[in-house]
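Look at the sequence and the fold below before reading on. The paragraphs after it go through the strands, the helix and the side chains between them.

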Amino acid sequence: MDWSKAPKDLWSCKAGPFLLKVEPKGDGRWNWHVFKDGTVNAVATGIGSSLGAAKTATEMFAKRSGLL
């Protein structure tokens, strides 16, 4: 998956019908959110201990959804 970085460490990626977003929480951890095609509310959220962990969690959610 091809991740892009926006200002202030906001990482995002488009994967099939999903928009994956990862952003720093402020205490060293990372918030992650998965949105489905234009929805305002996330279908999945969580907190990762690192940027890599948060990216992996979002990618695994998208892959396991069966919609990719």
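Does Phe18 count as buried or exposed? The model is a predicted one, and in it Phe18 has a relative accessibility of 3%. Buried means under 20% relative accessible area, so Phe18 counts as buried.

To place this residue, start with the sheet. Five strands make up an open sheet in the order S1-S2-S3-S4-S5, and their pairing is antiparallel. At the edges are strand S1 (4-6) and strand S5 (44-48), each of which pairs on one side only. Direction ignored, neighbouring strands of the sheet are turned by 20° against each other on average.

Now follow the chain from one strand to the next. S1 and S2 are paired in the antiparallel sense over three bridges, and Ala6 stands opposite Leu10 in S2. The hairpin of S1 and S2 has three residues between the strands, and in this hairpin Lys8 takes a positive phi near 65°. S2 then pairs with S3, again in the antiparallel sense, over five bridges. Here Cys13 stands opposite Leu20 in S3, and Lys14 stands opposite Leu19 in S3. The hairpin of S2 and S3 has two residues between the strands, and Gly16 takes a positive phi near 60° there.

After S3 comes a loop that leads to S4, and Gly26 has its place in this loop. With a relative accessibility of 75%, Gly26 counts as exposed. The C-alpha atoms of Gly26 and Met1 are separated by 25 Å, and the two residues are 25 residues apart along the chain.

Next comes the helix. H1 lies across S2, S3, S4 and S5, and runs at about 165° to S3. In a regular strand, side chains alternate between the two faces of the sheet. S2 shows two such faces: Trp11, Cys13 and Ala15 are on the covered face, while Leu10, Ser12 and Lys14 are on the uncovered one. Trp11 also has a charged partner, as Lys55 lies over the face of its ring, at 4.0 Å from the ring centre.

Which residues have the most contacts inside the largest nonpolar core? They are Trp3, Leu20, Val22, Trp32 and Val34, in a core of 13 residues. The elements that give two or more residues to this core are strand S2 (10-15), S3, strand S4 (30-36) and H1. In soluble globular proteins, nonpolar side chains tend to be buried together. Val22 can serve as an example of the surroundings. Leaving aside neighbours within four places in sequence, the residues in contact with Val22 include Trp3, Trp11, Trp32, Leu51, Ala54 and Thr58.

Finally, return to Phe18. A search of the whole structure finds one aromatic pair. This pair is formed by Phe18 and Phe61, and it is edge-to-face, with 6.0 Å centre to centre and 75° between the planes. Phe18 lies in strand S3 (residues 18-24) and Phe61 in helix H1 (residues 51-64), so the pair ties together parts that are 43 residues apart in sequence. The partner of the buried Phe18 has a relative accessible area of 31%, so Phe61 is partly exposed.

Note on methods:
Residues are numbered from 1 along each chain as its sequence is written. This is a predicted model: local features need pLDDT of at least 70, side-chain atom pairs count only at pLDDT 80 or more; totals for chains, interfaces and linings use all residues. Side-chain values use heavy atoms; hydrogens and water are left out. Rings of Phe, Tyr and Trp (its six-membered ring) pair if their centres lie within 6.5 Å; planes under 30 degrees apart count as stacked, over 60 as edge-to-face and the rest as tilted. Helices (H or I, at least four residues) and strands (E, at least two) are DSSP runs, numbered from the N terminus. Buried means under 20% relative accessible area, exposed over 50%, partly exposed in between (1.4 Å probe, protein chains only). A charge sits over a ring if NZ of Lys or CZ of Arg is within 6 Å of the ring centre and within 35 degrees of the ring normal. A nonpolar core is a set of buried Ala, Val, Leu, Ile, Met, Phe, Trp, Tyr and Cys residues joined through side-chain atoms within 4.5 Å. Contact means heavy atoms within 4.5 Å. Two strands pair if DSSP finds at least two bridges between them. Axes are lines fitted to C-alpha atoms, for helices over the stretch in contact, and angles run from 0 to 180 degrees between N-to-C directions.
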